[in-house]
Amino acid sequence: MNCVNCEGLIDRSAADSTQVSVPLSLPGKRIPQMEGEGLYRLRDRKLLLEDKKRLCALAMGAALLGILLMIVHAEICPFVYTPGSNIGLIINCSISLSTACLLLLIIAFHYKDIRLFIMDHNQLDWRIAMTSQRIFVISLELMVCSIHPVGTYWQWGLHTNSSSSAPLCDRAPHRGTLTDVELLLSALMFLRLYLVHRAVLLHSKVLLSASYRSIGSLNNINFTSRFVLKVLMNKYPTRTLLGFILLFWLTASWMLTLCERQTQQPTGRIETALWLIAITFLTVGYGDVSPQTSCGKTVCLFTGVMGVACTAMLVAVVTKKLALNKGEKHVHFFMLDIQVSKGIRHAAANVLRECWLLHRANLVKANRGEHRRHQRCLLEAIRVFRHLRLKQRKLRDYVSEMVDLPKMQMIMCDLSANWNNSYRELEQRIISMEQKLEELSHCFQRTSELLSHVLHPQNPEIR
């Protein structure tokens, strides 16, 4: 941090010196002294962003490695762990080592973030960046990422100090499960998946694109994980949503299996847990299986809430995919208008034909049955004609409502531009007319002067 402060002091002194005296290389042409410094700052900023991206990827890998080792630890616990065995100690040491690496990577990530903040705001002291919110976020991340199962250390310590030891796995007649403390710590390790949204943000093309950043800064847009998620849902809605649903389904199913293993119920098997999570996620709930433990009920409750939210998003995505765009709507309604117009012409022709047939039946005095048949046909043709006219009116009303605001704004801009052009032309014509009137007045004045000058010497002669 002292190096950073020294660099900031050097930059501040250099900036002050350039503001005091600016040399001239050519007459009237100055050399920008801050140009090289700005380029160095841009290069350092790019390097810091690359370091943040690299550290975030390593932290994500360490978090996934710890979760994978925890799953292995939970799955092989009932089968290979025996009193005095070192397998559990080795796996737990690996989990603790990955957790320590994860904590170091998170500290390094926030150190790079603070340096980037200092560079962006041209600050000298790093303590300015340490706000209460930043300190709370860093502390919360370190606390969440430090959670991992540590029961094997207790067992190993008790085994080395005494002949009897507390069992790591509660052994049932047919299966074994983790203790309650181990179960809780193992489930809480999935909180490390919050690093996914940070990795998506730092590795997205939105953050790496200079055009995105420049346009976003002009429009006061903050490039956060929420903005990147909106962009992904807009560009790849199906893949993003289905990927999240698949990952949540597998994770919730395994957590339910882990919670229900201490009961000799079918929900302790992975295939039953997959079925229960699926029907709970879809809010169906057949009732054939149900969780027995409080942990399992909590997982199912959270699954139901997430199922409602994901179902709503899935319906919105499917609706957007099935909806017609503006061009398709115009083509569709244009063809419908043509078909309805053709039907109206045919209906009008049928009305005229039935009127003629009814008139001819009256002239030839046909029987009453034929007369009534022509009357019914005429009434049916009139009804069809009115129905088609009403359909055409509704269709045209709907098409007129499709005119969007940007198109109306464009039309109004064109009209205002035409009015401005007409006004300018009118002003130019008025100015030209004024100039011509002035010229005519000058001409009349000169003519009058010439006439007066010509007629004035002749008056004495006439006398």
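Which residue forms a salt bridge with Lys52, and how far apart are the closest N and O atoms? The partner is Asp113, with the closest N and O atoms 3.4 Å apart. The legends below describe close-up views of a predicted model.

**Figure 1. The salt bridge between Lys52 and Asp113 links helix 2 with helix 3.** Lys52 belongs to helix 2, which spans residues 34-80. Asp113 is placed in helix 3, and the two residues are 61 residues apart, so that the pair links distant parts of the chain. The side chains of Lys52 and Asp113 are also joined by a polar contact of 3.4 Å. Lys52 counts as buried because its relative accessibility is 9%, and the term buried applies under 20%.

**Figure 2. A salt bridge connects the side chains of Asp51 and Lys112.** The N to O distance in this salt bridge is 3.5 Å. Asp51 lies in helix 2 and Lys112 in helix 3 (residues 87-121), so the pair ties together parts that are 61 residues apart in sequence. Lys112 counts as buried, at 17% relative accessibility.

**Figure 3. Asp51, Arg54 and Lys112 are joined into one salt-bridge network.** The network arises through salt bridges that share partners. One of its links is the Asp51 and Lys112 pair, at 3.5 Å from N to O. The count for the model comes to 10 salt bridges.

**Figure 4. Arg43 and Asp44 form a salt bridge.** The closest N and O atoms of Arg43 and Asp44 are 3.7 Å apart, which satisfies the criterion because a salt bridge requires a side-chain nitrogen of Lys or Arg within 4 Å of a carboxyl oxygen of Asp or Glu. Arg43 is partly exposed, with a relative accessible area of 46%. Asp44 is likewise partly exposed, its relative accessible area being 28%.

**Figure 5. Four arginines form a positive surface patch.** The residues of the patch are Arg368, Arg372, Arg373 and Arg376. Arg376 is located in helix 15, which covers residues 368-401. With a relative accessible area of 55%, Arg376 is classed as exposed.

**Figure 6. Met408, Ile411, Met412, Leu415 and Trp419 make a nonpolar surface patch.** The area of this patch is about 500 Å². Met408 is found in helix 16, comprising residues 405-455. Because its relative accessibility is 40%, Met408 counts as partly exposed.

**Figure 7. Thr283 has a positive phi in the loop between helix 12 and helix 13.** The phi of Thr283 is about 55°, although the residue is not a glycine. The flanking elements of the loop are helix 12 (270-281) and helix 13 (294-322). Thr283 is exposed, and its relative accessible area is 52%.

**Figure 8. Gly287 is an exposed residue of the loop between helix 12 and helix 13.** The relative accessible area of Gly287 is 60%. Gly287 and Leu276 are separated by 11 residues in sequence, and the C-alpha to C-alpha distance between Gly287 and Leu276 is 9.2 Å.

Terms used:
Residues are numbered from 1 along each chain as its sequence is written. This is a predicted model: local features need pLDDT of at least 70, side-chain atom pairs count only at pLDDT 80 or more; totals for chains, interfaces and linings use all residues. Side-chain values use heavy atoms; hydrogens and water are left out. Patches are made of residues with over 30% relative accessible area and no salt bridge: like charges are joined within 9 Å, nonpolar side chains (Val, Leu, Ile, Met, Phe, Trp, Tyr) within 5 Å. Accessible areas come from the Shrake-Rupley method with a 1.4 Å probe; for residues, only the protein chains shown count as cover. Lys and Arg count as positive and Asp and Glu as negative; His and the chain ends are not counted. The place of a charge is taken as NZ of Lys, CZ of Arg, CG of Asp or CD of Glu. Helices (H or I, at least four residues) and strands (E, at least two) are DSSP runs, numbered from the N terminus. Buried means under 20% relative accessible area, exposed over 50%, partly exposed in between (1.4 Å probe, protein chains only). A polar contact is a pair of N or O atoms within 3.5 Å; within protein, one must be able to donate a hydrogen and the other to accept it, and residues adjacent in sequence count only if both atoms are side-chain atoms.
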